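Here is a quick tour of one model, written for someone who likes to know the cut-offs. Have the viewer open and follow along.

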Amino acid sequence: MKRILITGGAGFIGSHLCERLLNEGNDVICLDNFFTGSKDNIRHLLDNNRFELVRHDITKEYFIEVDEIYNLACPASPPHYQYNAIKTIKTSVLGMINMLGLAKRCKAKILQASTSEVYGDPLIHPQVESYWGNVNPIGIRSCYDEGKRCAETLMMDYHRQNKVDIRIVRIFNTYGPNMDLNDGRVVSNFIVQALKNEDITIYGDGSQTRSFCYVDDLIDGMIKMMNNKNGFIGPVNLGNPSERTILDFAKLIIKLTNSSSKIIYKPLPSDDPSKRQPDISLAEKELNFKPKVDIEEGLIKTIEYFKKKI
């Protein structure tokens, strides 16, 4: 049994991770300031005597004794991370410094939930971990993109200088139950609009591509990365390499929801990536990671969740 801290544990991915690690017999401390996280996501865990919920902001120091830290604290959708851009970059940078300091003090392993956004609008396709990215450092998305890039720098420097035991995963588009209905991401936007038979909004002409990974597959990859004993620290891409256009994705959701929604088009936001597809060959080699849930199966589960929430 391990004592595990999960920052951002009441969020979409964090709540699934809390539940999975509890089911594996660990003590779990869920840390969240509830800016984007929700108690509803972890309410069913509160009666478990191995689960602890703490309201805290990781831009402030936090002291505890733990064996492992999963750092997931940061708003991840553009409307949320652009709402207070300075707070977003503080969470990525100051929060990372605080969590690395904690890991150093108690000799804990620490995993950083980085992002495919470190690649920016990529000039190579699919994206491999050795690619340094094409990121606008002064754009409206920079608070998130550059914050996550700086967090990776801090992870590596604490590892090289202070021998902190680190893991870095770069998460590609993930979906599933516990997503926020109003988080502004493509999966939640399309499903909510389709279930309400409202127009489905596509930004640009819909030719931009994304690769969607079901949350259970992602959690498998994160836990495998934390538990690997072969000295592999990453960074490593975690996602599903099955790529499709946004337009095709919208049509699929209309079909699966049996919706009467029409597709409308609006201007593309600034710095929106034109392509996003992970090369997961490194994860396959080092972690034996391979997504199992296909897009239709995952979307059906996600749609059922959204039906109940709506």
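## The second largest pocket

Helix α5 (residues 142-162) supplies 3 residues to the lining of the second largest pocket, the most of any contributor. Helices here are DSSP runs of H or I with at least four residues, strands are runs of E with at least two, and both are numbered from the N terminus. The full lining is Val118, Tyr119, Glu129, Tyr131, Trp132, Arg149, Glu152, Thr153 and Arg170. Sorted by class, that lining has 4 nonpolar, 1 polar and 4 charged residues (Ala, Val, Leu, Ile, Met, Phe, Trp, Tyr, Cys and Pro count as nonpolar, Asp, Glu, Lys and Arg as charged, and the others, Gly among them, as polar).

The space in this pocket comes to about 160 Å³, a volume being what is filled by probe spheres set on grid points, which are joined across faces, edges and corners. A pocket is an open set of points on a 1 Å grid over the protein atoms alone, where a 1.4 Å probe fits, with protein on both sides within 12 Å along at least five of seven lines; lining residues have an atom within 4 Å of a point.

## What sort of model this is

This is a predicted model, where local features need pLDDT of at least 70 and side-chain atom pairs count only at pLDDT 80 or more, while totals for chains, interfaces and linings use all residues. Residues are numbered from 1 along each chain as its sequence is written, and side-chain values use heavy atoms, with hydrogens and water left out.

## α8 against α10

The axes of α8 (residues 246-257) and α10 (residues 295-309) come within 11 Å and cross at roughly 60°. Axes are lines fitted to C-alpha atoms, for helices over the stretch in contact, with angles from 0 to 180 degrees between N-to-C directions. That makes α8 oblique to α10 (under 35 degrees is roughly parallel, over 145 roughly antiparallel, 65 to 115 roughly perpendicular, and the rest oblique).

On the α8 side, Phe249, Leu252, Ile253, Lys255, Leu256 and Thr257 meet Ile295, Glu296, Leu299, Ile300 and Ile303 of α10, with contact meaning heavy atoms within 4.5 Å. By class, this contact has 8 nonpolar, 1 polar and 2 charged residues.

## Backbone oddities

Two cis peptide bonds turn up: His125 to Pro126, with omega about -5°, and Gly234 to Pro235, with omega about 5°. Pro126 sits in the loop between β5 (109-115) and α5, and Pro235 in the loop between α7 and β11 (236-238).

Lys163 has a phi near 60°, a positive value in a residue other than glycine. Look for Lys163 in the loop between α5 and β6 (166-171).
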